Amino acid sequence: MPPEPPVVGIDAAAEFLGRPLDWRTFPTSANGRPALINYLRRPGSPHYEALVVDVLRIENGKIVESNAFIGARHVAAFSMPATLEP
């Protein structure tokens with residue numbers, strides 16, 4: 001996610017996604033493609049904050065592309081709240 005460099009390859013993606021962060025993720029769809037609505041609870045925060053919608057492109061059963069729409073406004077477009085309780 002900008003301004004960070006892209007994460008390319010299965011090993012790099014596994015390392016990136018395996019970071020010890022406290023996420024809540026909800027499956028959905030966007031424009032007919034599978035998508036994930038993601039909330040992050042930062043250390044010391046009492047709640048999860050809407051952060052990003054990831055829209056996936058899947059080929060032959062594998063994720064080949066993920067487009068990240070960063071910001072609570074994108075989560076709100078799916079009628080999801082800006083925050084979640086733990």
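**Entry 1: the strand 3 hairpin**

I started at the turn where strand 3 and strand 4 form a hairpin with 2 residues between them, and where Asn60 has a positive phi of about 50°. This is a predicted model, so I read every value here as computed from it. I then looked at how the two strands are joined: they run antiparallel, and 8 bridges link strand 3 to strand 4 (residues 62-70). Beside the turn, I found Glu59 bridged to Lys62 in strand 4.

**Entry 2: positive phi values**

I went back to Asn60, since its phi is positive although the residue is not a glycine. Most residues other than glycine have a negative phi. I placed Asn60 in the loop between strand 3 and strand 4. Is Asn60 buried or exposed? I got 80% relative accessibility, so Asn60 counts as exposed.

I noted Asn31 too, another residue other than glycine with a positive phi, near 55°. Asn31 sits in the loop between strand 1 and strand 2. Its relative accessible area is 82%, so I put Asn31 down as exposed.

**Entry 3: the aromatic pair**

Next I checked for ring pairs, and the count came to 1 aromatic pair. The partners are Phe26 and Tyr39, set edge-to-face, with 5.9 Å centre to centre and 85° between the planes. I logged it as edge-to-face because the angle is over the 60 degrees needed for that label. Where in the chain do Phe26 and Tyr39 lie? I found Phe26 in strand 1 (residues 22-30) and Tyr39 in strand 2 (residues 33-41), 13 residues apart, so I wrote the pair down as a link between distant parts of the chain.

I also looked up the exposure of each partner. Tyr39 is at 0% relative accessibility and counts as buried, whereas Phe26 has a relative accessible area of 30% and is partly exposed.

**Entry 4: Asp54**

I picked Asp54 in strand 3 (residues 48-59) for a closer look. Asp54 has a relative accessible area of 16%. Buried means under 20%, so Asp54 falls in that class. What does the side chain of Asp54 make a polar contact with? I found the side chain of Asn38, at 2.9 Å. Leaving aside neighbours within four places in sequence, I listed the residues in contact with Asp54: Pro34, Ala35, Leu36, Asn38, Ser66, Asn67 and Ala68.

**Entry 5: the largest pocket**

Asp54 came up again when I turned to the largest pocket. I noted a volume of about 830 Å³ for this pocket. It is lined by 26 residues, and those closest to its centre are Ala13, Phe16, Leu17, Asp54 and Ser66. Which elements supply at least two residues each of the lining? I got helix 1 (10-17), strand 1, strand 2, strand 3 and strand 4. The largest share comes from strand 4, with 6 residues.

**Entry 6: the whole chain**

Last, I stepped back to the overall layout. I counted 2 helices and 5 strands, and along the sequence they follow the pattern α-β-β-β-β-α-β. The C-alpha atoms fill a box of roughly 40 × 30 × 25 Å along the principal axes. Of the 86 residues, 21% count as buried. I also took the contacts between residues at least 6 apart in sequence: 36% of them join residues at least 24 apart.

Notes
Residues numbered from 1 in each chain as written. Predicted model: local features only at pLDDT ≥ 70, side-chain atom pairs only at ≥ 80, totals over all residues. Heavy atoms only, no water. Phe/Tyr/Trp six-rings, centres within 6.5 Å; stacked < 30°, edge-to-face > 60°. Helix = DSSP H or I, 4+ residues; strand = E, 2+ residues; numbered from the N terminus. Buried < 20%, exposed > 50% of the residue type's maximum accessible area, 1.4 Å probe, protein only. Polar contact = N/O pair within 3.5 Å; in protein donor to acceptor, adjacent residues only side chain to side chain. Contact = heavy atoms within 4.5 Å. Pairing = 2+ DSSP bridges. 1 Å grid on protein atoms, 1.4 Å probe; cavity = no way out; pocket = protein on both sides within 12 Å on 5 of 7 lines; lining within 4 Å. Points joined across faces, edges and corners; volume = space filled by probe spheres on them.
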